[in-house]
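Trainee: Could you take me through one part of this protein in close detail? I would like a helix contact, and then its setting in the whole chain.

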Amino acid sequence: MPTFPAPDGTLLAYHASGSGDPLICLPGGPMQDSGYLGDLGGLTAHRTLIRLDPRGTGASRTPEDPASYRCDRLVGDVEALRVHLGLETVDLLGHSAGANLAALYLTRHPHRVARLVLVTPGTAAAGIDTAPEERLAAARLREGEPWFPEAYAALEELAAGRGSAAAFQAVAPFFHGTWDAAARERHAASDARRNDEAAGVHGGEGAYDPEATRAAFAAFTRPVLVVAGEGDANTPPPTAAAYAALFPSAERAVLEGGGHFPWHDDAEWFAAAVAGFLKS
């Protein structure tokens, strides 16, 4: 397993697979190991995926200072990976909460980012909030499925700020384009991949500076792609569109019927959309 030292000496691991130019991939969770990204729907046929295991997850070591789990502190880990790989600039992909880290990396090192891919992105770093009705509208696309009434009632509770741990579990189907056995298995495995202590620190006070991030986005003229799933209640298409609008000319791709993990919902579509963008 290839490793490299973070600025504070923590030994971090990454996974390389595929062929072609490297694409650094930052997983979500937050603070989930990168294994769930897999080959990103066959994107390995087009690019060499460099999947970083964030500190304290997967094959990466646990840091001495738990405060270093905060998202802005992780920017140094991404920069150390770039230096370790000997790259002048990087093509960078962030999924979900990993998009917040990608956003902060761009904010601090804009000249190091050649192309940016944001997949169903978390938007806290840019200070974008999703309106409850946008989440509910995306969820209603699944109306008629047998699990819908219970899951929708739980989502309404969460949207009203009355959510419980049980409600968070009940809304899981809205993150997947198809709530089949494979999706249920992936969801069940996700808890084991996440460092809960780190997740609690990740977005803590001081992690984000939306004004600075928005300014960096507005000045970033290199290619950007924002990928959304039509039925994703976490990052609905209107939220993804508002996020893309912060850049001078970001491209958008929306998978019809897709959820929060679009490479599972239509691998061919996802690989073609991302690979085509990266060739531009």
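Mentor: Here is one helix pair, followed by the protein around it. This is a predicted model, where local features need pLDDT of at least 70, side-chain atom pairs count only at pLDDT 80 or more, and totals for chains, interfaces and linings use all residues. Residues are numbered from 1 along each chain as its sequence is written, and side-chain values use heavy atoms, with hydrogens and water left out.

Take helix H2, residues 98–108, and helix H8, residues 210–219. Helices here are DSSP runs (H or I, at least four residues), numbered from the N terminus; strands are E runs of at least two. The two axes come within 9 Å and cross at roughly 70°. Axes are lines fitted to C-alpha atoms over the stretch in contact, and angles run from 0 to 180 degrees between N-to-C directions. H2 is therefore roughly perpendicular to H8 (the class for 65 to 115 degrees).

Which residues of H2 and H8 make the contact? H2 brings Ala 103, Leu 104, Leu 106 and Thr 107. H8 brings Ala 212, Thr 213, Ala 216 and Phe 217. Contact means heavy atoms within 4.5 Å. By class, six residues are nonpolar, two are polar and none is charged. Ala, Leu and Phe are among those counted as nonpolar; Asp, Glu, Lys and Arg count as charged, and the others as polar.

Now the setting. The protein has 11 helices and eight strands. Its C-alpha atoms fill a box of roughly 50 × 40 × 35 Å along the principal axes. Of its 280 residues, 51% count as buried (under 20% relative accessible area, 1.4 Å probe, protein chains only). Among contacts with a separation of 6 or more, 73% join residues 24 or more positions apart.

Technical notes: Parallel < 35°, antiparallel > 145°, perpendicular 65-115°, else oblique. Buried < 20%, exposed > 50% of the residue type's maximum accessible area, 1.4 Å probe, protein only.
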